[in-house]
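Student: Could we go through this chain together, beginning with its overall build and then turning to individual residues?

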Amino acid sequence: MDAREATRLLKGVRAAALAGDRPPAAPRPEIAASWRRMLAGGVHPDRDARSRMLSAAETEERRQVSPLREILPVLREGLLPALDEALHIMVVADADGRLLWREGHRSILRKADRLGFAVGADWDEAVVGTNGVGTALVARRPVQVFSAEHFVSSHHDWTCAGAPVHDPRDGRLLGVIDVSGPLDTMHPATLAWVSSVARLAERELRVRHLESLERLRAVAAPLLARLPGRALAVDPLGWTAAVTGLAPADRVALPKGLGPGPVWVPQLGDCVAEPLPGGWLLRLAEPRAGAPVVSRVVLDLSRPRCWSATVYGAAGSWSQELSPRHAELLFLLAESPRGRTAAELAAELFGDPTRTVTVRAELSRVRRHLAGVLTHRPYRFAEDVEVELIRPADPGRLLPHSTAPAVVRARLGLGGAAVIP
């Protein structure tokens, strides 16, 4: 099937979906899920809505604070040499869907301007419909959108492929790399190409992080060698550079707003924090009776693509951002006060109770950051911990990326746990 035939078919599929009729072919699952979100959110299928463009000053401010700025050389090296010949452009957007950089073939840049696909524009899915930037942000995986797979009809002459970029230090979604061009320039290998460059960019960020830890280690190691007792040096995100007097951990969860002086760190207890170039020196207090315990956890799933667990104890509070998988797991546990076995959680996450190894591995990672909050056999929140779950106002926006059977039922307002055969 050539591009024109595929376009005609997709337009028929889209028309049937909008009319609620049986389509001539099933849309791809990620496209069907996006269309459902667009219909639920009231995006107009034939009207090209646009939000306010960022000013030049606002765009530059976002560029300066974005970690994506550090990987632009990798992106340019991996993508730009082929863009002129392929009649495509490269776009780099932040986690809000705002376009921060755009480069490529001049004639395609002019066509993109007419579409509003310009630096400073908002290409969040909820604003402009299904597209390679906004849909990849929601799905959190590489997405290619071809012709009439775009929900808004004015985009049907374009094809795009977007891949999300995550911060390897904490898994935070940084933004999306997108390659777009006119419909007749589409190539099926574009998505694999963009995805590979996105992984190279993440590897570059990982290398830069390891280099920063090495610099911190060079400063901290002589200090730790002279200190009595237990202490460790960590970077601003809690990654360990050097340690003395205790078993090393890859990372510790630091409280928000960490400053010099006494502080309670969840995995360590009472500490004294001292600033170091590129991080912190944490000196642990000796164990004492009546150490702080966790009393309350607030699981906030109300904001799109920004989920967190805030832990409250006698010594204060701290928050941990959650990956999509960890948000799913904690949601299921918050809904199950009596707890769940690994098999039950596997059924609720994957529809397959045999995938217990994956569940146990993910929960082990969660418990590293939520020490004293979660117990096992079965997996549950600790009995003396009060749990507050904050959902989105619209149930349909609960963890929109998730295909877990239990989460899908919750979005539809259906209760009950998965049945284990």
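What follows is a set of questions and answers on the chain shown above.

Tutor: Before we begin, note that this is a predicted model, in which local features need pLDDT of at least 70, side-chain atom pairs count only at pLDDT 80 or more, and totals for chains, interfaces and linings use all residues. Residues are numbered from 1 along each chain as its sequence is written, and side-chain values use heavy atoms, with hydrogens and water left out.

Student: How many helices and strands does the chain have?

Tutor: Helices (H or I, at least four residues) and strands (E, at least two) are taken as DSSP runs and numbered from the N terminus. Counted in that way, the chain has 12 helices and 16 strands.

Student: What is the radius of gyration of the chain, and what does the globule rule give for 421 residues?

Tutor: The radius is taken over C-alpha atoms, and the globule rule is 2.2 Å times the number of residues to the power 0.38. The chain is as compact as a globular protein of that length, because its radius of gyration is close to the value from the rule: 24 Å for the chain, against 22 Å from the rule.

Student: What percentage of the 421 residues in the chain is buried?

Tutor: A residue is called buried under 20% relative accessible area, exposed over 50%, and partly exposed in between, with a 1.4 Å probe and protein chains only. By that criterion, the buried share of the 421 residues is 49%.

Student: Which helix gives the most to the largest nonpolar core?

Tutor: A nonpolar core is a set of buried Ala, Val, Leu, Ile, Met, Phe, Trp, Tyr and Cys residues joined through side-chain atoms within 4.5 Å. The largest such core has 34 residues, and those with the most contacts inside it include L330, F331 and L345. Among the elements that give two or more residues to this core are strand 11 (294-300), helix 9 (324-334) and helix 11 (356-369). With seven residues, the element that gives the most is helix 9.

Student: Which residues does F331 touch, not counting residues up to four places away in sequence?

Tutor: Contact here means heavy atoms within 4.5 Å, and F331 is among the residues with the most contacts inside the largest core. Leaving out residues up to four places away in sequence, F331 touches L299, L301, L389, R391, L398, L399, V407 and A410.

Student: Which residues of helix 10 are buried?

Tutor: Helix 10 is largely enclosed by the rest of the structure, because seven of its nine residues are buried. Just after helix 10, G351 takes a positive phi of about 70°. The buried residues of the helix are A342, L345, A346, A347, E348, L349 and F350.

Student: Is H88 buried or exposed?

Tutor: H88 is found in the loop between helix 4 (72-86) and strand 1 (89-94). Among the residues that H88 touches are L83, H105, T159 and M186. Its relative accessibility is 3%, so H88 counts as buried.

Student: What is the relative accessibility of S147?

Tutor: S147 is found in the loop between strand 3 and strand 4 (158-166), and its phi is near 50°, a positive value in a residue other than glycine. S147 counts as buried, because its relative accessibility is 0%.

Student: What is the omega of the peptide bond from R377 to P378?

Tutor: P378 lies in the loop between strand 14 (374-375) and strand 15 (380-381). The bond from R377 to P378 is cis, with omega near -5°.
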